[in-house]
Amino acid sequence: MDVRSAGERYRGGDPAAGIESLHALSFGPHYDPDNLRFGAVIACNEERLAPGVGFDEHPHSHTEIVTWVVEGELTHRDSTGHTSVVRPGDVQRLSAAGGVRHVERNDADVPLVFVQMWLAPLRPGGDPGYEVVHGIADSTPYAVPEAGAMLHVRRLAPGERTAVPDAPYVYVHVVRGEARLDGEELGPGDAARITDAKDIEAVAVTGAELLMWEMAA
């Protein structure tokens with residue numbers, strides 16, 4: 001298990017314009033050949049957008065982009081005609097496939113915080129796809145078969161335990177609160193990269209919210 005603290009993340013965005021980004025893996029100008037990916041995960045970005053601020057239209061291809069809103073509301077528009085507002089508890093996925101363009105904005109009057117995770121597909125190309133699952137439950141994993149991955153959301157009360165999936169690769173991101181994972185304490189923004197996970201539990205030290213990616217070899 002490789003634990004990466006929130007303080008190790010690469011700082012990006014444009015704080016003067018109201019955009020703050022924290023990158024867990026090599027990203028854009030923060031190139032690190034030793035930190036390119038873990039399993040299917042090629043990016044795990046924490047984004048903070050001030051009211052009225054956003055990312056102008058930009059392209060993506062050959063990437064599965066999964067977004068989890070922590071606070072506020074995310075407005076999404078893409079070149080295939082989808083427009084939506086994503087709120088806490090919703091999972092949004094944009095399958096970039098052979099190519100798509102989109103806009104992400106905070107059109108609300110309160111700050112927006114979200115975690116966006118990029119996964120490498122098993123096969124390139126294809127047609128773009130989009131969906132939002134509103135109010136996903138802890139007991140319902142969200143499958144991304146295109147990347148051989150499954151997202152587990154866990155919201156835990158203090159002292160509550162949950163099993164970490166047994167899998168060749170598991171990526172655990174702490175959204176909020178504190179949790180103990182195989183003897184290691186993790187706080188907000190911390191992550192653990194686990195290879196050949198088996199019989200591991202996460203225990204909430206405080207109320208905690210975890211995102212766990214279960215990935216095939």
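1. Let me start with one pair: arginine 87 and glutamate 73 join their side chains in a salt bridge, at 3.0 Å from N to O. The term means a side-chain nitrogen of Lys or Arg within 4 Å of a carboxyl oxygen of Asp or Glu. Arginine 87 sits in the loop between β8 (83-86) and β9 (91-95) and glutamate 73 in the loop between β6 (64-71) and β7 (74-78), so the salt bridge ties together parts 14 residues apart in sequence. Strands are DSSP runs (E, at least two residues), numbered from the N terminus.

2. A word on the basis: this is a predicted model, in which local features need pLDDT of at least 70 and side-chain atom pairs count only at pLDDT 80 or more, while totals for chains, interfaces and linings use all residues. Residues are numbered from 1 along each chain as its sequence is written, and side-chain values use heavy atoms, with hydrogens and water left out.

3. Do look at arginine 155, which forms a salt bridge with aspartate 138, with 2.2 Å between the closest N and O atoms. Here strand β14 (residues 149-156), home of arginine 155, is linked to the loop between β12 (129-133) and β13 (142-144), which holds aspartate 138, 17 residues apart.

4. Arginine 155 also forms a salt bridge with glutamate 209, at 3.9 Å between the closest N and O atoms. Glutamate 209 belongs to strand β21 (residues 208-215), and the two residues are 54 apart. With 8% relative accessibility, glutamate 209 counts as buried (under 20% relative accessible area, with a 1.4 Å probe and protein chains only).

5. Finally, salt bridges with shared partners join Glu64, Arg93, Glu131 and Glu146 into one network. The count comes to 13 salt bridges.

Methods: Helix = DSSP H or I, 4+ residues; strand = E, 2+ residues; numbered from the N terminus. Buried < 20%, exposed > 50% of the residue type's maximum accessible area, 1.4 Å probe, protein only.
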